[in-house]
Amino acid sequence: MDKVKKYDEVIKQIIAVVDGEPSATARYASAACLLSGAFEYFFWTGFYVVDPLKPSELVVGPYQGTLGCLRIPFGRGVCGAAAQSLEVQRVDDVHAFPGHIACDSRSNSEIVVPVLHEGSLAAVLDVDSTEYASFDSVDEEKLEYLCSVLLKGATQS
Ligand code: SME
């Protein structure tokens, strides 16, 4: 199956699974699980959420993969850059990214997508691959779409 179709299917499935679920955590966990199972090159798939007690710091949320770093300040590394700029970061070679945080040295490329809830940043979706330049404009477009709908209807963290 081609990548566009696969994304369309898995996103449809995620939306169906989380429909009516108030908990954002349950939504993040379901999305991380289904995305990670759908794409072989997703080596680390998960969410860093904005810490309500430290609003310029991300703390690790639900993920699939090897042990992730626990906390990332806004502005640090790829996730921190996405959180600060509110823009998708698509990085072909993470070792060339200033301030990149190497949670697992096997990661070589990465995409990070901001997740907004009612206009403010709630989390970022981080996907890492062991290959260089794994993520293209299809990954960016589809993951951005997923993140734009993932928290619709969520009423608790
Ligand atoms: N590499 C990321 C850190 C998170 S992990 O890879 C799971 C970064 O620089 O933001």
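Which residues lie nearest the centre of the largest pocket? They are Ala24, Tyr28, Val50, Ala122 and Ser157, out of a lining of 15 residues. Before going further, keep in mind that this is a predicted model. Below is a quick tour of its pocket, its cavity, its cysteines, one helix and one valine.

**The largest pocket**

- The space in the largest pocket comes to about 290 Å³.
- Three elements, α2 (24-38), β1 (44-51) and β6 (120-129), each give at least two residues to the pocket's lining.
- Sort the pocket's lining by chemistry and you get nine nonpolar residues, six polar ones and no charged ones.

**The cavity**

- Rolling a probe the size of a water molecule over the atoms shows where empty space is left.
- Counting cavities of 30 Å³ or more turns up one, and the space in the largest cavity is about 170 Å³.
- Its lining has 19 residues, and Ile101, Cys103, Glu110, Asp126 and Asp128 are the ones nearest the centre.
- The elements giving two or more residues to that lining are β1, α3 (77-85) and β6, with the largest share, three residues, coming from α3.
- Here the lining splits into ten nonpolar, five polar and four charged residues.

**The cysteines**

- A disulfide is a covalent bond between the sulfur atoms of two cysteines.
- How many disulfides does a search of the whole structure find? The search finds one, between cysteine 69 and cysteine 103, whose sulfur atoms are 2.0 Å apart.
- Cysteine 69 sits in the loop between β2 (54-64) and β3 (71-73), while cysteine 103 sits in the loop between β4 (89-91) and β5 (109-117), so the bond ties together parts that are 34 residues apart in sequence.
- The torsion about this S-S bond is about -120 degrees, so the disulfide is left-handed.
- Cysteine 103 is partly exposed, at a relative accessible area of 36%; Cys103 is also among the residues nearest the centre of the largest cavity.
- Why is there no bond from cysteine 33 to cysteine 147, which has the closest cysteine sulfur? The two sulfur atoms are 16 Å apart, too far for a bond.
- For cysteine 147, the closest cysteine sulfur belongs to cysteine 79, and at 12 Å that is too far for a bond as well.
- Is cysteine 147 buried or exposed? Cysteine 147 has 1% relative accessibility and counts as buried, whereas cysteine 33 is partly exposed, with a relative accessible area of 39%.

**Helix α4**

- Helix α4 covers residues 137-149, and its 13 residues should span 18 Å at 1.5 Å a residue; the end C-alpha atoms are 19 Å apart, which agrees.
- Six names make up the buried residues of α4: Asp139, Lys142, Leu143, Leu146, Cys147 and Val149.
- An α-helix has 3.6 residues a turn, so residues three or four places apart point the same way.
- The cover over the buried residues of α4 includes α1 (3-18), α2, β5 and β6.

**Valine 49**

- Valine 49 belongs to strand β1 and is buried, with a relative accessible area of 17%.
- Leaving aside residues up to four places away in sequence, valine 49 touches Tyr28, Glu57, Leu58, Val59, Ala122 and Ala123.
- One of those partners, valine 59, is ten residues away along the chain, yet the C-alpha atoms of the two valines are separated by 5.4 Å.
- Two other contacts of valine 49, Tyr28 and Ala122, are also among the residues nearest the centre of the largest pocket.

Technical notes
Residues numbered from 1 in each chain as written. Predicted model: local features only at pLDDT ≥ 70, side-chain atom pairs only at ≥ 80, totals over all residues. Heavy atoms only, no water. 1 Å grid on protein atoms, 1.4 Å probe; cavity = no way out; pocket = protein on both sides within 12 Å on 5 of 7 lines; lining within 4 Å. Points joined across faces, edges and corners; volume = space filled by probe spheres on them. Helix = DSSP H or I, 4+ residues; strand = E, 2+ residues; numbered from the N terminus. Nonpolar A, V, L, I, M, F, W, Y, C, P; charged D, E, K, R; others polar. Disulfide = S-S within 2.5 Å. Buried < 20%, exposed > 50% of the residue type's maximum accessible area, 1.4 Å probe, protein only. Expected span 1.5 Å × (residues − 1). Contact = heavy atoms within 4.5 Å.
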